Amino acid sequence: MTVRIAIIGGTGVYDPNILDNIRDEKVDTPYGVVGLKIGDYLGKSVAFLNRHGAGHSVPPHLVNYRANIAALKELGVKSIFATAAVGSLNENMAPGNFVFADQFLDFTKVRKHTFFEGGEQGVVHIDMTDPYCPELREVLARAADEFQLTYHKAGTYITTEGPRFESVAEIKMFKLLGGDLVGMTSVPEVVLAREKEMCYANISMVTNFAAGISPTKLTHQEVLDVMAENAENLRKLAMRAISLIDPDRGCLCQDALEKLNKE
Ligand code: HPA
């Protein structure tokens, strides 16, 4: 059975035991070898990729995003649900809430952002009007409604380079720019997925109010604690979303390059 659906597990989401018949796989890509797990859920084959590697050993700026996305493409994945722990700049998006981001602002610095670096690959300027698949976001909202989770159907995700948290002045600036969430991983992951013509949805879990909004200083432990408290909700949400989608579904995201060539 071809693997059509993938979960990218971010901080605090390391446990694919929701899947049956789990096996370890190594996928060779031009960007490196990627270790991931493949299992079944309700007759669907699902890949589970731990973004930060074993024991959260890879910091956000050093994640091999291109290898990860290329590996999922290689398996035949069409739809990706990617989890992310985030800080909130929006008073309505409180710790414990889910947000299905619809936009991003990119403040990363040293990452490989494209598969197209000239030469044989050519140069591609991919459309980013709707970076996160609107259909998958709709599915997530349906799943969240079923479990009566507190969620927001849209939000702007600021991606910082990390691994440090932000200064108070940076958070003030991000807020002025229209940011709702701050995290360290969504870019370039979402961009690379579109370059490989895969649908990609972000499941942000708010773990804290951002620096200067939170009354206390931030710690990674705080992030992990809130993720742990909500692990069960996140698991239910992701699995319900998987059960709601047709693995072989088509979508405009899956014609992103073809569309480009026609214009
Ligand atoms: N900033 C950046 N990344 C984060 C935060 C934050 O406040 N919380 C969880 N991930």
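Is Phe104 buried or exposed? I will start there and then move to the ligand. Phe104 counts as buried, because its relative accessibility is 17% and the cut-off for buried is under 20%. Please keep in mind throughout that this is a predicted model.

Phe104 has an aromatic partner, Tyr132. The two rings are 6.5 Å apart, centre to centre, with 85° between the planes, and the pair is edge-to-face. Phe104 belongs to strand E7, residues 103-107, while Tyr132 sits in the loop between E7 and helix H2, residues 134-146, so the pair ties together parts that are 28 residues apart in sequence. Tyr132 is buried as well, because its relative accessible area is 1%. A further ring joins them: Phe104, Tyr132 and Tyr200 make up one aromatic cluster. Across the model, the count of aromatic pairs comes to five.

Now the ligand. Which residues are around the ligand? They are Ala85, Val86, Gly87, Phe165, Glu166, Val182, Gly183, Met184, Thr207, Asn208, Leu218 and Val223. Sorted by class, the shell has seven nonpolar, four polar and one charged residues.

Three polar approaches to nitrogen of the ligand are worth going through. In Gly87 the backbone is involved: an N or O atom there lies 3.2 Å from a nitrogen atom of the ligand. With Glu166 the side chain is involved, and one of its polar atoms is 2.8 Å from a ligand nitrogen. With Asn208 there is again a side-chain N or O atom, at 2.7 Å from a nitrogen atom of the ligand. As for cover, the ligand on its own has 260 Å² of accessible area, and the protein covers 96% of that.

Which elements give two or more residues to this shell? They are strand E5, residues 79-88, strand E10, residues 181-183, and strand E11, residues 199-209. The largest share comes from E5, with three residues.

Next, Asn90, in the loop between E5 and strand E6, residues 98-99. Asn90 counts as buried, because its relative accessibility is 17%. Its side chain reaches the backbone nitrogen of Asn92 at 2.8 Å. Setting aside neighbours within four places in sequence, Asn90 is in contact with Asp180 and Phe209.

On to helix H4, residues 186-195. How many of its residues are buried? Ten of ten, and the helix is mostly covered. The buried residues of H4 include Val187, Pro188, Leu192 and Glu195.

Two of those, Leu192 and Glu195, come up again with Thr114. Thr114 is in the loop between E7 and H2. Leaving out neighbours within four places in sequence, Thr114 is in contact with Arg66, Leu192 and Glu195. A polar atom of the Thr114 side chain also lies 2.9 Å from the backbone nitrogen of Phe116. There is a long step in sequence to report here too: Thr114 and Tyr65 are 49 residues apart in the chain, and their C-alpha atoms are 9.7 Å apart in space.

Last, the backbone. Where are the cis peptide bonds I want to show? One runs from Gly162 to Pro163, with omega near -5°. Pro163 is in the loop between strand E9, residues 156-160, and helix H3, residues 168-176. Another runs from Val187 to Pro188, with omega near 10°, and Pro188 lies in helix H4.

Then there are positive phi values in residues other than glycine. Leu42 has a phi of about 50° and is not a glycine. Leu42 is in the loop between strand E3, residues 32-41, and strand E4, residues 44-50. Glu197, just after H4, has a phi near 60° and is likewise a residue other than glycine. The loop that holds Glu197 runs between H4 and E11.

Are these two residues buried or exposed? Leu42 is exposed, because its relative accessible area is 59%, and the cut-off for exposed is over 50%. Glu197 is buried, because its relative accessible area is 19%, against a cut-off of under 20%.

That is the end of the tour.

Note on methods. Residues numbered from 1 in each chain as written. Predicted model: local features only at pLDDT ≥ 70, side-chain atom pairs only at ≥ 80, totals over all residues. Heavy atoms only, no water. Near = heavy atom within 4 Å. Polar contact = N/O pair within 3.5 Å; in protein donor to acceptor, adjacent residues only side chain to side chain. Areas by Shrake-Rupley, 256 points an atom, 1.4 Å probe, with all protein chains shown as cover. Helix = DSSP H or I, 4+ residues; strand = E, 2+ residues; numbered from the N terminus. Nonpolar A, V, L, I, M, F, W, Y, C, P; charged D, E, K, R; others polar. Buried < 20%, exposed > 50% of the residue type's maximum accessible area, 1.4 Å probe, protein only. Contact = heavy atoms within 4.5 Å. Phe/Tyr/Trp six-rings, centres within 6.5 Å; stacked < 30°, edge-to-face > 60°.
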